[in-house]
Amino acid sequence: MPPPLFGIAGYKNAGKTTLVVDLVRELVARGWRVGTVKHAHHDFDIDHPGKDSQRHRAAGAVEVIVASGRRVAHIQELAGSPEPALDELVGRMTGVDLVLVEGWKSGVHPRLEVRRSAAPAAAIAGRAAGVLAIVSDAPLPGEFLPVLPRDDVPAIADFILQSLGLPGSP
């Protein structure tokens, strides 16, 4: 059975990555084994020119696994195939208690919308299913969903765990 997942969504410069990092630290400190999935809207690469794995890919390998005693990385070229669905990606994760997902503004998975006063953008809440609350650095009077203060990471972590039906610690 795949681990439970919870998303952090928002527009560019809303602070999604910083919040995910803060939440991972908080949840790990509570004893949770946390995995993350990050959605990129652009071409990205974890390989660097001249590295053996990049040379394997440049030669035409469609999958490359780099393994050591400390970590494993699996690089898969899609070569025109559709991007894997979020559930499929999360299903590949093993050895974790829960998965935080950064990005994926659409979909039905539970998530928080991150808003930052210095980077105003259109609301996701109300237009996308699954948004349970908003994390903001400023009050949002009249908002129909709960608004969690950005500087209260423990409360945000509690909200996520409660939404997933998980205890405060494993």
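# Exercises on a six-stranded sheet and its helices

Six strands, in the order β2-β5-β1-β6-β7-β8, make up an open sheet with parallel pairing. The model you are looking at is predicted. Let's work through it together.

## Exercise 1: The edges of the sheet

Task: Find which strands stand at the edges, and say what is left without a neighbour in the sheet.

Solution.
- Step 1. Read the strand order from end to end: β2-β5-β1-β6-β7-β8.
- Step 2. The edge strands are β2 (34–38) and β8 (147–149), each with a single partner strand, so one side of each has no neighbour in the sheet.
- Step 3. Now look at the twist, which averages 25° from one strand to the next.

## Exercise 2: Walking across the pairs

Task: For the pairs β2 with β5, β1 with β5, β6 with β7 and β7 with β8, find how many bridges there are and look up bridge partners.

Solution.
- Step 1. Begin with β2 and β5, a parallel pair with five bridges. Here Gly35 has Val99 in β5 as its bridge partner.
- Step 2. Go on to β1 and β5, which run parallel and are joined by four bridges. Look for Phe6, which stands opposite Leu100 in β5.
- Step 3. Next come β6 and β7, paired in the parallel sense over five bridges. Leu112 has its bridge partner, Ala133, in β7.
- Step 4. Finish with strand β7 (residues 131–136) and β8, parallel over three bridges. Two residues to look up are Ile134, whose bridge partner in β8 is Val147, and Ser136, whose bridge partner in β8 is Pro149.

A reminder of the general background: strands in a sheet pair through backbone hydrogen bonds, in a parallel or an antiparallel way.

## Exercise 3: Two helices that meet

Task: Describe how helix α1 (residues 16–29) and helix α4 (residues 153–164) pack, and which residues meet.

Solution.
- Step 1. Take the angle and the spacing: the helices pack at about 80°, and their axes are 10 Å apart.
- Step 2. An angle of 65 to 115 degrees counts as roughly perpendicular, and α1 and α4 are therefore roughly perpendicular to each other.
- Step 3. List the residues: from α1, Leu19, Asp22, Leu23, Glu26 and Leu27 meet Val153, Pro154, Ile156, Ala157, Ile160 and Leu161 of α4.
- Step 4. Sort the residues of this contact between α1 and α4 by class: nine are nonpolar, none are polar and two are charged.

## Exercise 4: Is β5 open or enclosed?

Task: Decide whether β5 is enclosed or not enclosed by the rest of the structure, then do likewise for β7.

Solution.
- Step 1. Buried means under 20% relative accessible area.
- Step 2. Check the two faces of β5: Leu98, Leu100 and Glu102 are buried on one side, and Val99 and Val101 are buried on the other.
- Step 3. Five of the five residues of β5 are buried, so this strand is largely enclosed by the rest of the structure.
- Step 4. In β7, five of the six residues are buried, so β7 too is largely enclosed by the rest of the structure.

## Exercise 5: Into the core

Task: Find which residues touch the most other members of the largest nonpolar core, and which element gives the most to it.

Solution.
- Step 1. The core has 22 residues, and those touching the most other members are Ile8, Leu23, Leu27, Leu100, Leu112, Ile156 and Ile160.
- Step 2. At least two residues of this core come from each of β1, α1, β5, β6, β7 and α4.
- Step 3. The element that gives the most to this core is α4, with six residues.
- Step 4. Zoom in on Leu100. Apart from neighbours within four places in sequence, its contacts include Phe6, Val20, Leu23, Val37 and Ile160.

## Exercise 6: Two residues with a positive phi

Task: Say where Asn13 and Trp104 are found, and whether each is buried or exposed in some degree.

Solution.
- Step 1. Recall that most residues other than glycine have a negative phi.
- Step 2. Asn13 has a positive phi of about 70°, and this residue is found in the loop between β1 and α1. Its relative accessible area is 48%, so Asn13 is partly exposed.
- Step 3. Trp104 has a positive phi of about 50°, and its place is the loop between β5 and β6. Trp104 has 14% relative accessibility, so this residue counts as buried.

Technical notes: Residues are numbered from 1 along each chain as its sequence is written. This is a predicted model: local features need pLDDT of at least 70, side-chain atom pairs count only at pLDDT 80 or more; totals for chains, interfaces and linings use all residues. Side-chain values use heavy atoms; hydrogens and water are left out. Axes are lines fitted to C-alpha atoms, for helices over the stretch in contact, and angles run from 0 to 180 degrees between N-to-C directions. Angles under 35 degrees count as roughly parallel, over 145 as roughly antiparallel, 65 to 115 as roughly perpendicular and the rest as oblique. Contact means heavy atoms within 4.5 Å. Ala, Val, Leu, Ile, Met, Phe, Trp, Tyr, Cys and Pro count as nonpolar, Asp, Glu, Lys and Arg as charged, and the others, Gly among them, as polar. Two strands pair if DSSP finds at least two bridges between them. Buried means under 20% relative accessible area, exposed over 50%, partly exposed in between (1.4 Å probe, protein chains only). A nonpolar core is a set of buried Ala, Val, Leu, Ile, Met, Phe, Trp, Tyr and Cys residues joined through side-chain atoms within 4.5 Å.
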